[in-house]
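Here are some notes to read alongside the structure. Keep the viewer open and look up each residue as you reach it.

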Amino acid sequence: MNENKNDNKKGNKNGKYDKNEFKRDVIERLREMFICGIETATQEQIYRAVCFVAMELISENWLGTKNAVRQYNTKTVYYLSMEFLVGRTLGCNLLNLGAWSEVREALEELGVDLNLLEDQEPDPALGNGGMGRLASCFMESLTTLSYSAVGCGIRYHYGLFRQAIVNGYQRELPDDWIYEGYPFEVCHPEEARIVRFGGRVEQVYNDRKKGYDFIHMDCLEVLAVPYEIPVVGYRNGIVNTMLLWDARAVTSDDQDYNTVMEQRRLADQLSAVLYPDDSTDEGKELRLRQEYFFVSASIQNAVANYKKDSVDITKLPEKAVFQLNDTHPATAVAELMRVLMDEEGLGWDEAWAVTTKCLAITNHTVLTEALERWPAHIFTRLLPRIYQIIVEIDRRFIADINMMFPGDFDRADRMRIIHNNEVRMANLCLVASFSVNGVAELHTTILKTRLFRDFYEIMPDKFNNKTNGVTHRRFLLKGNKPLAGWITGYIGPFWITDFSRIKGMAVYADNEKVLKEFMRIKHSNKIRLAKYILDKNGLEIDPHSIYDVQVKRIHQYKRSILFILYIIYRYNRIRQHPEDGDLLPRTFIIGGKAAKAYYIAKLTIKLINSVADVINNDPSVKGKIKVVFIENYRVSNAEMIFAAADLSEQISCSGFEASGTGCQKMMMNGCPLIGTMDGANVEIVEEAGPENEFIFGLTADEVAAYEQNGGYDPMTIFNNDSEIRQVLTQLVDGTFSEDRNLFKDIYDSLLTGYGYGDRPDRYFVLADLRSYIEAQQRVDEAYRDRKRWAKMGLLNMANSGRFSSDRTIEEYVQEIWHLQKIKMTVPEKENDGSGEGK
């Protein structure tokens, strides 16, 4: 903190930070940075001063970690991900440093509320949904478990987008999270890398090595500049690095103005937004540019780091492993081959041996349309050398397949990397990776038996499961401090670093005193969320009502439409039977973003808001039902929502959700789920017991049978179930919009199919709706018995230990990455967690 001090360390041997020193340092930073005192400083200025002091606390451990990794030549995992949904970092950094309580008290003495101060921090707009949040959870767990890791991605200037709801419609606004600078990042222009696009490749014979050199000529060069963000481990002195690449133009003094401006424009596009619209060739090209940009920079950086302490490049797999977070970083296969052959001088066989020992991939989808395919004409023009290498990988692989299965041309076509003038990125990864993992047991089974069956039959040892997990330190310890402190009071603090110990709470499942305390904490969290909704939505909701929550990316297979159809059904029941005591007061809370070009998903958001407008303004329902859409759903408001949720909606079509992590976050916060036997739901039911969840709907096998054999006709349900028919008719009869055609495309998608060749009710919404209604009736019955409901919630929390990302990471480490712990000496800390959850 204070440069005049030489005590280290900003804290004593027990890890307690000096409040008076912290206050002096904050006041000093305000004076130096903003020429003001604490009395006149704005909240934003105080926030930045506190971040500056926090970075001083972090920087010594950060440097120590880097030095230790290099001193002991520790193997590092490079986690390549198109997105990292980081969330606000000030609170988590202070918590993991063991300084949160002291900093809170110091700021209180200065008249500053740390909770309000955290609201000054923008959510870094670096991710979209569960995959990006998973990447951030993994980085935190890797660091807390003392493994060396670098998270590699793009420093998007505007992120995905900031969602605004205007007249019920989603409007996408720039999310300029770095407009005023981000206090937890450090730029290293001296470590910049050149990434090349376009041009042509010339083969030049090399007498010395008796082979050809491949020279990339007449290409556009872009400078990839690294920005480092610290990832702080929980009270262990370890700080890993998130490495985000920003694009800059490579220019020279002899270029004319127009050329320089065009190069800057092209460079700026690369790090402008996450997931640009790829419905056009221009959009596809930009997305492919982005993917290769960060992959190339990250591979070059990793090889350069390795060469600082090692000479033999063929031993790279002993010190580096690259984990590809889905197919977005798939060009890493060919890029590593390019670096090894064109820059390090290895032959094909040597380079292939190294590459196939370095790369592993996690698959996150069972949707074939979500497996990236790039038009060959774009690929070869944009990345000519990378395309050459992929062509050769494909040629050699298919030659092997033809030898193994002579005459089986259909199999060869299914397994080709390049087919029908498309480059199949998933197939490229399957061929080159030494490990292919799914993210839930059911998902991995589907990969083996359906999606990648051909590959599994010839390379079964590659396939494995790593069920996703989330960091309980953010979503419970930080996000629900009252509950975390209460848990520590009963079972001690060691659950914070060993989440399997949360099981110790199960012994209190029949203790009425404990159950009442548990429900009081839940109620206080519901009051907090109600205040947030009143402030943001202008809507009063009843904290005594059931908070029925679905918050996630808006996609048809996640079936927000099923949720809204049930809300309409319940609304009808209340209006038709106003004295029906079976229907307890319910607040339906929905949040999530739809991709900019995803028409049906965006129309679903409009439907949700139109239904909410009608229900919330209908005096006849007398507060028995409210509907809330959470605008701009993100990590910071998610923490609040998870803590307050009574019922977790995990209602995807069985066999389509790879894992899902929202269910795990709500489970940790003591929330039963209503859902299908899909993704991680299956394992949640195994852990907590079916009696503590509300399961409904078709199984994955039943869905697969319908998809393969047909036999499902949603019109049969429409014709035979009058209540469901009424709900659907209300979409187009003017109930929720004067424009009766506004929601007709949703109506048609369920009954006749939307778009050319689309199957009616693609995700079996109507097939599951009646079963879903019955499951919701069971929810009302269970909630009426408050002791039973409290027990269900407590047992969900107590059985959530399996779903910590610490467990997931240990499985990756032991079975895929084979890392060793970072060796470094840190000051002894009192790892008692006291105060951190209070």
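**Notes on rings, domains and salt bridges**

1. Let's begin with a group of rings. Phe563, Tyr566, Tyr569, Phe588, Phe696 and Tyr772 make up one aromatic cluster. Before you go and find them, keep in mind that you're looking at a predicted model.

2. How many aromatic pairs does a search of the whole structure find? The search turns up 28. One pair to look at is Trp486 with Tyr490, which meet edge-to-face, with 5.4 Å from centre to centre and 70° between the planes. Over 60 degrees counts as edge-to-face, so the 70° of this pair puts it in that class. If you wonder where those two values come from, a pair of aromatic rings is described by how far apart the centres are and by the angle of the planes.

3. Stay with that pair for a moment. Trp486 and Tyr490 both belong to helix α18 (residues 481–491), and because they are 4 residues apart there, about one helical turn separates them. Buried or partly exposed? Trp486 is buried, at a relative accessible area of 11%, while Tyr490 is partly exposed, at 23%. The cut-off for buried is under 20%, so Trp486 makes it with its 11%.

4. Rings can also have a charge sitting over them. Arg385 lies over the face of Phe214, 3.8 Å from the ring centre. For Lys593, the charged end sits over the ring of Phe161, at 5.2 Å from its centre.

5. Now zoom out to the domains. The chain divides into domain 1 (62–465) and domain 2 (472–698 + 776–802). Their contact takes 45 residues from domain 1 and 42 residues from domain 2. Measuring from C-alpha centres, domain 1 and domain 2 lie 33 Å apart.

6. How much area do domain 1 and domain 2 bury between them? The value is about 3500 Å², and 59% of it is on carbon and sulfur atoms. In general, the size of an interface is often given as the accessible area lost when the parts come together. The interface of domain 1 and domain 2 is also crossed by 5 salt bridges.

7. On to salt bridges overall: the count comes to 64. In one of them, Glu228 is joined to Lys66, with the closest N and O atoms 2.6 Å apart. Glu228 is in strand β9 (residues 220–232) and Lys66 is in helix α2 (residues 43–71), so this pair ties together parts that are 162 residues apart in sequence. Glu228 counts as buried at 12% relative accessibility, whereas Lys66, at 34%, counts as partly exposed.

8. Glu172 and Lys602 also link distant parts of the chain: Glu172 is in strand β4 (residues 169–173), Lys602 is in helix α21 (residues 599–616), and they are 430 residues apart. Their side chains meet in a salt bridge at 2.8 Å, N to O. Glu172 is partly exposed, with a relative accessible area of 26%.

9. Here's one within a helix. Asp748 forms a salt bridge with Lys744, where the closest N and O atoms are 3.0 Å apart. Both lie in helix α28 (residues 744–751), 4 residues apart, about one turn of the helix. Asp748 counts as buried at 16% relative accessibility, and Lys744 counts as partly exposed at 34%.

10. Last, a network to trace in the viewer. Asp408, Arg411, Arg414, Asp454 and Glu457 are joined into one network by salt bridges that share partners.

Methods. Residues are numbered from 1 along each chain as its sequence is written. This is a predicted model: local features need pLDDT of at least 70, side-chain atom pairs count only at pLDDT 80 or more; totals for chains, interfaces and linings use all residues. Side-chain values use heavy atoms; hydrogens and water are left out. Rings of Phe, Tyr and Trp (its six-membered ring) pair if their centres lie within 6.5 Å; planes under 30 degrees apart count as stacked, over 60 as edge-to-face and the rest as tilted. Helices (H or I, at least four residues) and strands (E, at least two) are DSSP runs, numbered from the N terminus. Buried means under 20% relative accessible area, exposed over 50%, partly exposed in between (1.4 Å probe, protein chains only). A charge sits over a ring if NZ of Lys or CZ of Arg is within 6 Å of the ring centre and within 35 degrees of the ring normal. Domain bounds come from an automatic or database domain assignment. Contact means heavy atoms within 4.5 Å. Buried area is the accessible area (1.4 Å probe) that two parts lose on being put together, summed over both. A salt bridge is a side-chain nitrogen of Lys or Arg within 4 Å of a carboxyl oxygen of Asp or Glu.
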